[in-house]
Amino acid sequence: MKRKKPSKSSPSFGNPEIQQIEQLFQFMTEHNLEEFEYTRGDLSIRLRKPSAGVVVPSPRGVPAPEIIVPGSLETPQASSGGASAPAAEARSSEDLHLVKSPIVGTFYDSPSPGTEAFVKVGTYAEAGKVLCIVEAMKLMNEIESDVSGEVMRIFVENGQPVEYGQPLFGIRPSRKK
(Lines give C-alpha, C1' and ligand atoms only; values in the text may rest on other atoms or scores of the structure.)
Protein backbone atom coordinates (compact mmCIF):
# COMPACT_ATOMS: atom_id res chain seq x y z
CA MET A 1 0.00 0.00 0.00
CA LYS A 2 1.49 3.30 -1.09
CA ARG A 3 1.32 6.38 1.03
CA LYS A 4 0.04 9.52 -0.48
CA LYS A 5 2.67 12.24 -0.67
CA PRO A 6 1.57 15.70 0.36
CA SER A 7 1.10 17.98 -2.57
CA LYS A 8 3.54 20.84 -2.81
CA SER A 9 0.85 23.10 -4.21
CA SER A 10 -1.21 23.17 -0.99
CA PRO A 11 -1.43 26.58 0.67
CA SER A 12 0.92 27.11 3.63
CA PHE A 13 -1.78 26.66 6.28
CA GLY A 14 -4.78 25.70 4.17
CA ASN A 15 -4.19 22.05 5.02
CA PRO A 16 -1.55 22.07 7.80
CA GLU A 17 0.87 19.22 7.96
CA ILE A 18 2.39 17.91 11.18
CA GLN A 19 5.71 19.59 10.33
CA GLN A 20 4.01 22.98 10.18
CA ILE A 21 2.29 22.36 13.51
CA GLU A 22 5.64 21.37 15.02
CA GLN A 23 7.08 24.64 13.71
CA LEU A 24 4.30 26.49 15.51
CA PHE A 25 5.13 24.65 18.74
CA GLN A 26 8.78 25.57 18.29
CA PHE A 27 7.78 29.21 17.75
CA MET A 28 5.67 29.11 20.93
CA THR A 29 8.59 27.70 22.92
CA GLU A 30 11.08 30.23 21.58
CA HIS A 31 8.81 33.14 22.45
CA ASN A 32 7.54 31.70 25.72
CA LEU A 33 3.91 31.63 24.57
CA GLU A 34 1.36 29.58 26.48
CA GLU A 35 -1.34 29.73 23.80
CA PHE A 36 -1.48 30.40 20.05
CA GLU A 37 -4.56 30.79 17.84
CA TYR A 38 -4.66 31.04 14.04
CA THR A 39 -7.79 31.49 11.93
CA ARG A 40 -7.99 31.79 8.17
CA GLY A 41 -11.21 31.11 6.32
CA ASP A 42 -12.66 27.79 7.49
CA LEU A 43 -9.37 26.74 9.11
CA SER A 44 -8.92 27.44 12.80
CA ILE A 45 -5.90 26.21 14.78
CA ARG A 46 -5.60 26.67 18.51
CA LEU A 47 -2.50 25.42 20.32
CA ARG A 48 -2.25 25.51 24.09
CA LYS A 49 0.46 24.16 26.35
CA PRO A 50 -0.82 21.89 29.13
CA SER A 51 0.25 24.40 31.78
CA ALA A 52 -1.81 27.21 30.21
CA GLY A 53 -4.95 28.08 32.09
CA VAL A 54 -3.93 26.05 35.15
CA VAL A 55 -3.79 28.27 38.20
CA VAL A 56 -1.95 27.01 41.26
CA PRO A 57 -3.35 29.08 44.13
CA SER A 58 -1.42 27.46 46.96
CA PRO A 59 2.32 27.31 47.52
CA ARG A 60 2.10 23.50 47.69
CA GLY A 61 2.32 23.42 43.89
CA VAL A 62 6.00 24.33 44.18
CA PRO A 63 8.14 22.19 46.44
CA ALA A 64 9.73 24.10 49.27
CA PRO A 65 13.51 24.27 49.24
CA GLU A 66 15.30 22.18 51.80
CA ILE A 67 18.36 23.50 53.56
CA ILE A 68 20.65 20.73 54.75
CA VAL A 69 23.92 20.93 56.65
CA PRO A 70 26.52 19.02 54.58
CA GLY A 71 27.47 15.75 56.21
CA SER A 72 25.06 16.16 59.12
CA LEU A 73 22.65 13.50 57.88
CA GLU A 74 25.40 11.07 56.96
CA THR A 75 25.90 7.92 59.00
CA PRO A 76 28.96 5.67 58.92
CA GLN A 77 26.96 3.19 56.81
CA ALA A 78 26.06 5.86 54.26
CA SER A 79 29.67 6.85 53.66
CA SER A 80 30.83 3.28 53.06
CA GLY A 81 27.96 1.91 50.97
CA GLY A 82 26.63 3.79 47.95
CA ALA A 83 23.29 1.98 47.76
CA SER A 84 22.46 2.49 51.44
CA ALA A 85 22.88 6.30 51.30
CA PRO A 86 19.23 7.11 50.41
CA ALA A 87 17.96 4.67 53.06
CA ALA A 88 20.29 6.18 55.67
CA GLU A 89 19.10 9.70 54.82
CA ALA A 90 15.47 8.59 55.09
CA ARG A 91 16.22 7.02 58.48
CA SER A 92 17.91 10.22 59.67
CA SER A 93 14.96 12.30 58.45
CA GLU A 94 12.57 10.11 60.41
CA ASP A 95 14.54 10.88 63.60
CA LEU A 96 13.86 14.61 63.22
CA HIS A 97 11.16 16.31 65.23
CA LEU A 98 9.07 18.49 62.90
CA VAL A 99 7.94 21.90 64.05
CA LYS A 100 4.80 22.62 62.02
CA SER A 101 2.94 25.83 61.37
CA PRO A 102 -0.02 26.16 63.75
CA ILE A 103 -1.70 28.71 61.44
CA VAL A 104 -1.95 29.89 57.85
CA GLY A 105 0.21 32.94 57.21
CA THR A 106 3.56 34.27 56.04
CA PHE A 107 6.84 32.84 57.39
CA TYR A 108 9.53 35.23 58.66
CA ASP A 109 12.89 33.96 59.91
CA SER A 110 13.85 37.16 61.77
CA PRO A 111 12.14 39.73 64.02
CA SER A 112 12.44 42.47 61.39
CA PRO A 113 13.86 42.90 57.87
CA GLY A 114 17.64 43.08 57.76
CA THR A 115 18.19 41.53 61.20
CA GLU A 116 19.78 38.20 62.09
CA ALA A 117 17.56 35.10 61.72
CA PHE A 118 16.21 33.55 64.94
CA VAL A 119 17.89 30.23 64.07
CA LYS A 120 19.96 28.76 61.27
CA VAL A 121 20.73 25.21 60.26
CA GLY A 122 23.12 23.85 62.87
CA THR A 123 21.84 26.11 65.68
CA TYR A 124 21.03 24.46 69.01
CA ALA A 125 17.51 25.45 70.10
CA GLU A 126 16.26 25.05 73.65
CA ALA A 127 12.60 24.21 74.19
CA GLY A 128 10.68 27.50 74.25
CA LYS A 129 13.16 29.36 72.01
CA VAL A 130 11.53 31.45 69.26
CA LEU A 131 12.28 29.85 65.87
CA CYS A 132 10.35 32.16 63.55
CA ILE A 133 7.33 34.40 63.15
CA VAL A 134 4.20 33.53 61.18
CA GLU A 135 2.19 36.62 60.27
CA ALA A 136 -1.56 36.11 59.99
CA MET A 137 -3.95 39.00 59.45
CA LYS A 138 -1.31 41.58 60.50
CA LEU A 139 -0.65 39.70 63.77
CA MET A 140 2.89 38.47 64.38
CA ASN A 141 2.81 34.99 65.96
CA GLU A 142 6.07 33.74 67.45
CA ILE A 143 6.60 30.04 66.83
CA GLU A 144 8.61 28.40 69.61
CA SER A 145 10.49 25.13 69.69
CA ASP A 146 8.72 22.43 71.67
CA VAL A 147 11.89 20.31 71.98
CA SER A 148 15.54 20.99 72.69
CA GLY A 149 17.92 20.01 69.96
CA GLU A 150 19.87 20.94 66.84
CA VAL A 151 18.07 22.58 63.89
CA MET A 152 18.87 20.23 61.00
CA ARG A 153 16.47 21.46 58.30
CA ILE A 154 14.55 24.59 57.44
CA PHE A 155 11.74 23.77 55.03
CA VAL A 156 10.53 27.32 54.26
CA GLU A 157 12.14 30.46 52.87
CA ASN A 158 11.74 33.91 54.40
CA GLY A 159 8.56 35.62 53.20
CA GLN A 160 6.98 32.41 51.87
CA PRO A 161 3.30 31.68 52.58
CA VAL A 162 2.72 28.68 54.86
CA GLU A 163 -0.34 26.56 55.53
CA TYR A 164 -1.68 24.96 58.68
CA GLY A 165 0.34 21.87 59.56
CA GLN A 166 3.12 22.57 57.03
CA PRO A 167 6.57 21.56 58.35
CA LEU A 168 8.77 24.58 59.11
CA PHE A 169 11.79 23.07 60.88
CA GLY A 170 13.35 19.65 61.39
CA ILE A 171 15.05 19.41 64.79
CA ARG A 172 17.18 16.50 65.98
CA PRO A 173 16.17 16.20 69.66
CA SER A 174 19.04 16.11 72.13
CA ARG A 175 19.55 12.76 73.82
CA LYS A 176 19.83 14.29 77.33
CA LYS A 177 17.54 12.82 79.96
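**Exercise 1. The surroundings of Ser-101**

Find which residues Ser-101 contacts once its neighbours within four places in sequence are left aside, then say where Ser-101 sits and whether it is buried or exposed.

*Solution.* Start with the contacts: beyond its neighbours within four places in sequence, Ser-101 touches Val-134, Val-162, Glu-163, Tyr-164, Gly-165, Gln-166 and Leu-168. Bear in mind as you go that this is a predicted model. Next, place the residue: Ser-101 belongs to the loop that runs between β4 (97–100) and β5 (105–108). Finally, check its cover. The relative accessible area of Ser-101 is 2%, and the cut-off for buried is under 20%, so Ser-101 is buried.

**Exercise 2. An overview of the chain**

Describe the secondary structure of the chain, its burial and its contacts.

*Solution.* Begin by counting elements: the chain has three helices and 11 strands. Read from the N terminus, their order is α-β-β-β-α-α-β-β-β-β-β-β-β-β. Now turn to burial, where 27% of the 177 residues are buried. The accessible surface is about 12400 Å², and carbon and sulfur atoms hold 54% of that surface. To finish, take the contacts with a separation of 6 or more: 57% of them join residues 24 or more positions apart.

**Exercise 3. Order in a sheet**

Work out the strand order of the open four-stranded sheet, and identify its edge strands.

*Solution.* The order is β8-β7-β5-β10, with antiparallel pairing. Let's walk along it.

- Step 1: β7 and β8 are antiparallel partners over six bridges. One of the residue pairs here is Cys-132 with Ile-143 in β8.
- Step 2: β5 and β7 pair over three bridges, again in the antiparallel sense. Thr-106 has Glu-135 in β7 as its bridge partner.
- Step 3: β5 and β10 pair over two bridges, also antiparallel. Here Gly-105 is matched with Val-162 in β10.
- Step 4: β8 (139–144) and β10 (161–162) each pair on one side only, and these are the edge strands.

What about the cover on β7? Seven of the seven residues in β7 are buried, and the strand is mostly covered.

**Exercise 4. The turn between β7 and β8**

Find the residues with positive phi in the loop between β7 and β8, and decide whether they are buried or exposed.

*Solution.* The hairpin of β7 and β8 has two residues between its strands. Take Met-137: this residue lies in that loop and has a positive phi of about 55 degrees, although it is not a glycine. Its relative accessible area is 80%, so Met-137 is exposed. Move on to Lys-138, which lies in the loop between β7 and β8 too. Lys-138 is not a glycine either, and its phi is positive at about 65 degrees. With 71% relative accessibility, Lys-138 counts as exposed.

**Exercise 5. A core and its aromatic pair**

Identify the largest nonpolar core, then classify the aromatic pair of Phe-107 and Phe-169.

*Solution.* The largest nonpolar core contains 17 residues, and those with the most contacts inside it are Phe-107, Leu-131, Cys-132, Val-151, Leu-168, Phe-169 and Ile-171. Two or more residues come to this core from each of β7 (130–136), β9 (149–154) and β11 (167–173). Another core lies apart from it, with six residues, including Leu-24, Phe-36, Leu-43 and Leu-47.

Now for the rings. Searching the whole structure gives one aromatic pair. The ring centres of Phe-107 and Phe-169 are 6.0 Å apart and the planes meet at 50 degrees, so the pair is tilted. Phe-107 is in strand β5 and Phe-169 in strand β11, 62 residues apart, which makes this a link between distant parts of the chain. For burial, Phe-107 has a relative accessible area of 1% and is buried; Phe-169, also at 1%, is buried as well. Leaving aside neighbours within four places in sequence, the contacts of Phe-107 include Cys-132, Ile-133, Val-162, Leu-168 and Phe-169.

**Exercise 6. A salt bridge**

Locate the salt bridge of the structure and describe the exposure of both residues.

*Solution.* The structure has one salt bridge. Its partners are Glu-116 and Lys-120, with the closest N and O atoms 2.7 Å apart. Glu-116 has a relative accessible area of 55%, so Glu-116 is exposed. For Lys-120 the value is 45%, so Lys-120 is partly exposed.

Notes: Residues are numbered from 1 along each chain as its sequence is written. This is a predicted model: local features need pLDDT of at least 70, side-chain atom pairs count only at pLDDT 80 or more; totals for chains, interfaces and linings use all residues. Side-chain values use heavy atoms; hydrogens and water are left out. Buried means under 20% relative accessible area, exposed over 50%, partly exposed in between (1.4 Å probe, protein chains only). Contact means heavy atoms within 4.5 Å. A nonpolar core is a set of buried Ala, Val, Leu, Ile, Met, Phe, Trp, Tyr and Cys residues joined through side-chain atoms within 4.5 Å. Two strands pair if DSSP finds at least two bridges between them. Rings of Phe, Tyr and Trp (its six-membered ring) pair if their centres lie within 6.5 Å; planes under 30 degrees apart count as stacked, over 60 as edge-to-face and the rest as tilted. Accessible areas come from the Shrake-Rupley method with a 1.4 Å probe; for residues, only the protein chains shown count as cover. A salt bridge is a side-chain nitrogen of Lys or Arg within 4 Å of a carboxyl oxygen of Asp or Glu.
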